[in-house]
Amino acid sequence: MNVGFIGLGVMGQPMALRLVRSGTPLVVWNRTAARTAPLYEAGADAAADPGEVFARADVVLLMLADEHAVDTVLGRGGPHFTARVAGRTVVHMGTTSPAHSRALEADVRAAGGRYVEAPVSGSRVPAENGTLVAMLAGDERAVDTVRPLLAPLCQETFVCGDAPGALLMKLSVNLFLIALVTGLAEAHHFADRLGVDRTLFFDVLAASPMASPVSLMKAPKLLAEDFDVQAAVLDVLKNNRLIARAARSSGIASPLLDTCHALFEETVALGHGADDVMAVLRAIEARTDRVVPASAVAFDSSTC
C-alpha cells in the first residue's frame with residue numbers, strides 16, 4: 001500500500017518519521033518545504049504539491065491545522081477535488097468541528113472516495129515515541145484498512161462508530177486535558193507563591209493518585225519555565241473553541257472549560273501563542289499581579 005502524508009508540523013513530522021522508519025512506503029508534502037528534509041533523509045519521497053501525493057498514494061493521511069487547510073489541500077469545492085479523492089482513502093487526523101467532518105465525509109463519498117476520521121490524543125513527545133491514542137470513525141472497511149497502518153504511531157486505537165464519532169470523542173477527551181493542564185499550572189503557581197518547595201511539590205504529586213503521564217511530562221517544564229512547544233497554546237485555544245461551540249450548540253454547560261478558555265485567550269494576548277500549553281502559567285501570574293490581598297479589603301467568608 002502506498003501512503004501519503006500531508007502536514008509536517010509539531011505532530012505531523014514525528015508521526016510521518018515513525019511511519020517511514022517502520023517500512024511504510026511514504027510520499028509527503030508540507031507547505032513549508034524545509035520540513036520534508038528529515039523525511040527525505042529517512043527514505044520518504046517528497047512531492048512537489050498535494051496533487052502529486054494523491055496521484056501516488058492509495059491512502060492519504062492529513063495532519064493539518066484547521067478546516068481551511070484541509071479543504072485547501074483537498075481542493076474541496078474546486079475542479080481538482082474529485083480527481084484527488086476518487087478511489088482513495090482520505091484519513092483526517094487533525095481536529096476540526098464535527099460538522100465540518102460530517103460534510104467532508106459526504107463530499108468524499110460523493111466523489112468516489114472513502115473517508116476515515118482518525119484524530120489522536122497526545123502531543124509531540126508521544127508522537128515521537130509512538131504512544132499516541134487514535135480514535136477512528138467512518139466506513140467500516142476503510143477503518144479496517146487504516147487501523148493497522150497506524151500501529152507504528154499509537155499504543156491504542158479505538159473505533160468510535162460513524163463519523164463524526166471520533167471527533168466527538170476527541171473533543172470530550174480534550175475537555176478533560178485542558179482542565180488538567182490548567183489545574184496543574186495553577187497548583188504549581190499556588191505552591192510557588194506560598195513558598196512551598198516546588199521540587200518537593202512535584203515529588204509528592206508524582207507519588208499521589210493524581211499523578212499521570214501528563215503531569216509527569218509537564219512538571220519539569222513548569223520547574224524550568226521551559227515553554228518549548230510540545231502542544232502549542234494556540235492549538236489548545238482552537239480546541240477550546242471547538243468544544244465550546246459543540247457545547248453551546250447542544251445546550252451543554254461547560255463552566256471549567258469557559259474559565260480555561262479565558263485564560264488561554266489571555267496567554268495568547270501576552271504573546272505566548274506559539275509556546276507550549278504550560279505557558280498558561282503566565283496568564284495565571286498576570287491575574288495574581290492584579291489581586292488585592294485579602295488583608296487589605298473586607299473579607300467575606302461566605303464566598304469561600
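Here are some questions and answers about this predicted model.

Q: What makes H92 count as buried?
A: Buried means under 20% relative accessible area. H92 comes in at 1%, so it counts as buried.

Q: Where does H92 sit, and what does it touch?
A: H92 is part of strand β5, residues 89–92. Leaving out residues up to four places away in sequence, it touches L62, V70, S101, Y115, V116, E117, A118, P119 and L167. As for L104, twelve residues apart from H92 along the chain, the two C-alpha atoms are separated by 9.6 Å.

Q: Why is L194 called exposed?
A: The word needs over 50% relative accessible area. L194 has 58%, so it is exposed. You'll find L194 in the loop between α9 (165–193) and α10 (198–206).

Q: Which residues form a nonpolar patch on the surface together with L194?
A: Those are F190 and V196. Together, F190, L194 and V196 have about 320 Å² of accessible area.

Q: How do you know that R56 and E52 form a salt bridge?
A: A salt bridge takes a side-chain nitrogen of Lys or Arg within 4 Å of a carboxyl oxygen of Asp or Glu. In this pair the closest N and O atoms are 3.0 Å apart, so the pair qualifies. Both residues lie in helix α3 (residues 50–56), four residues apart, which is about one turn of the helix.

Q: Are R56 and E52 buried, exposed or partly exposed, and why?
A: Partly exposed covers what lies between buried, under 20%, and exposed, over 50%. R56 has 35% relative accessibility, so it counts as partly exposed. E52, at 25%, counts as partly exposed too.

Q: What about R124 and E128: what makes theirs a salt bridge?
A: The N to O distance is 3.7 Å, and the cut-off is within 4 Å, so this pair counts. R124 and E128 are four residues apart in helix α7 (residues 124–129), so about one helical turn separates them. R124 is partly exposed at 21%, and E128 is partly exposed at 39%.

Q: Why is the pair R248 and D258 called a salt bridge?
A: Their side chains meet at 2.7 Å, N to O. The limit is within 4 Å, so the name fits. This pair links distant parts of the chain, with R248 in helix α12 and D258 in helix α13, ten residues apart. R248 is partly exposed, with 43% relative accessibility, and D258 is partly exposed as well, with 32%.

Q: Which residues are joined into one network by salt bridges that share partners?
A: They are D45, E52 and R56. A search of the whole structure finds 14 salt bridges.

Q: How do you know that the length of helix α13 is close to what is expected?
A: Helix α13 (residues 255–269) has 15 residues. The expected span is 1.5 Å times one less than the number of residues, which gives 21 Å here. From first C-alpha to last, the helix reaches 22 Å, close to that value.

Q: Which residues of α13 are buried, and what do they pack against?
A: L257, C260, H261, L263, F264 and T267 are buried. The buried residues pack against α9, α12 (233–249) and α14 (280–289). Just after α13, G271 takes a positive phi of about 95°.

Q: Which residues have the most contacts inside the largest nonpolar core?
A: They are F5, M15, L26, L39, L61, M93 and L150, in a core of 32 residues. Helix α1 gives the most to this core, with five residues. Apart from this core lies another, of 29 residues, among them F202, A244, C260 and A283.

Q: What is M15 in contact with, beyond its neighbours within four places in sequence?
A: M15 is in contact with F5, M63, M93, A127, L132 and L153.

Q: What makes E225 partly exposed?
A: Its relative accessible area is 36%, between the 20% and 50% limits, so it is partly exposed. E225 sits in the loop between α11 (213–224) and α12. It also has a positive phi of about 50° although it is not a glycine.

Q: Which peptide bond is cis, with omega near 10°?
A: The one from A163 to P164. P164 is found in the loop between β9 (154–159) and α9.

Notes: Residues are numbered from 1 along each chain as its sequence is written. This is a predicted model: local features need pLDDT of at least 70, side-chain atom pairs count only at pLDDT 80 or more; totals for chains, interfaces and linings use all residues. Side-chain values use heavy atoms; hydrogens and water are left out. Patches are made of residues with over 30% relative accessible area and no salt bridge: like charges are joined within 9 Å, nonpolar side chains (Val, Leu, Ile, Met, Phe, Trp, Tyr) within 5 Å. Accessible areas come from the Shrake-Rupley method with a 1.4 Å probe; for residues, only the protein chains shown count as cover. Helices (H or I, at least four residues) and strands (E, at least two) are DSSP runs, numbered from the N terminus. Buried means under 20% relative accessible area, exposed over 50%, partly exposed in between (1.4 Å probe, protein chains only). A nonpolar core is a set of buried Ala, Val, Leu, Ile, Met, Phe, Trp, Tyr and Cys residues joined through side-chain atoms within 4.5 Å. Contact means heavy atoms within 4.5 Å.
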